[in-house]
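Here's a quick walk through one protein model, written for someone who'd rather be at the bench. Have the viewer open as you read.

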Amino acid sequence: MNLKSLRVFVSTIEEGSLAQACKKINLSQPAASRLIKILENEFKVQLFHRDRKQMIPTHLGEAFYPQAVRILASINDLPDLFKYISTNEEPPFRIICHPRLVEGLIVPAMAKLIKLEPNLKVKLEVHPRRYLGRGIMHELHDVGVCTLPSPDQKLGIQPLTQADMMVALPENHPLNKKLILTPQDLVNVPYVALEDTTNMRKLLDGELAKANEWLKITHEVSTSTSALHLVKKGLGFTFTDIITLSPSEAQGLAIRKWAPKVNIEFGYFVSNTKQPHRARNIFINILKEICASRSIELFD
């Protein structure tokens, strides 16, 4: 199998076009097209429908993509694998998640794990939720954590915890006198929203639609951390939850309940391996302990 052909195939699917893939891997389009044709001829399959300048994956192409990603990941990991085998060194414990979980949940859990296991090496991979599936296919993790619904239905997600979505306001805002806020309360307050591609935004918009309510967006950002910083600067309100909001992020904010109620579910998944990392169950138990200990009193 031509590995260069495999890399062009994977890049074309991930970048959405052959032109973008060529920019990423620094190849001319004719050269990239020839490499994909070599791969198709080798296995006597058609991986793409070719329509002028478009290359749309066939059913076979879509089915082959996860396997191609795994093959490339395995090859890329070979130097580290030989290093651990030759030195008898324990490989790092690998965690994968999306950005919103890092500060409030994953970093505190990592800190507790390392205190329990001082000699343990830990590797954290953070991917935007829409790209989390690629990291999963790479088998870059021993444990993964995500909000539900799952980015990949085949993961075998185990429930971790759930939390209500809440409103975050500057700590001196007049609306802090109210314990529960509604869309009517916030109609004249600037709304710092997450992008509509984020899971939190989708959950919120879905529940608002059910209640025949809506919120006018003033500012839009891609991460919860950015939204919270803007709120602390007095630029409006945003939404958060008690699982992903760290105590340090909560400083300077008032956290209030929200109606209509929106429930956020969290889950974890593990790699498909016959020999789990020795830290896997320890880390999962730490995650559960942290989630169980969180309460709204943290922010009073």
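What follows looks at a sheet, the nonpolar cores and a group of aromatic rings in this predicted model.

## The sheet

Start with an open sheet of five strands, which run in the order 4-3-5-13-6 with mixed pairing. Strand 4 (122–126) and strand 6 (158–164) sit at the edges, each pairing on one side only. On average, neighbouring strands here are turned by 20° against each other, direction ignored.

Further in, strand 5 (residues 143–147) pairs with strand 13 (residues 263–270) in the antiparallel sense, over five bridges. If you want a spot to click on, Val-143 has Val-270 in strand 13 as its bridge partner.

## The cores

The largest nonpolar core has 56 residues, and those touching the most other members are Leu-105, Ile-106, Leu-186, Phe-237, Phe-239, Trp-258 and Phe-283. There's also a second, separate core of 18 residues, with Leu-18, Leu-47, Tyr-65 and Leu-72 among them.

Leaving aside neighbours within four places in sequence, Trp-258 is in contact with a string of residues including Met-165, Leu-181, Pro-183, Leu-186, Leu-215 and Phe-239.

## The aromatic rings

The structure holds seven aromatic pairs. In one of them, Tyr-191 and Phe-239 meet edge-to-face, 5.8 Å centre to centre with 90° between the planes. Tyr-191 lies in the loop between strand 8 (180–181) and strand 9 (192–194), while Phe-239 is in strand 11 (residues 238–240), 48 residues apart.

Phe-239 also forms an edge-to-face pair with Trp-258, at 4.9 Å centre to centre and 75° between the planes. This pair connects strand 11 to strand 12 (residues 253–258), its two residues being 19 apart. Both Phe-239 and Trp-258 are buried, and Tyr-191 is buried too. Ring pairs join Tyr-191, Phe-237, Phe-239 and Trp-258 into a cluster.

Conventions:
Residues are numbered from 1 along each chain as its sequence is written. This is a predicted model: local features need pLDDT of at least 70, side-chain atom pairs count only at pLDDT 80 or more; totals for chains, interfaces and linings use all residues. Side-chain values use heavy atoms; hydrogens and water are left out. Two strands pair if DSSP finds at least two bridges between them. Helices (H or I, at least four residues) and strands (E, at least two) are DSSP runs, numbered from the N terminus. Axes are lines fitted to C-alpha atoms, for helices over the stretch in contact, and angles run from 0 to 180 degrees between N-to-C directions. A nonpolar core is a set of buried Ala, Val, Leu, Ile, Met, Phe, Trp, Tyr and Cys residues joined through side-chain atoms within 4.5 Å. Buried means under 20% relative accessible area, exposed over 50%, partly exposed in between (1.4 Å probe, protein chains only). Contact means heavy atoms within 4.5 Å. Rings of Phe, Tyr and Trp (its six-membered ring) pair if their centres lie within 6.5 Å; planes under 30 degrees apart count as stacked, over 60 as edge-to-face and the rest as tilted.
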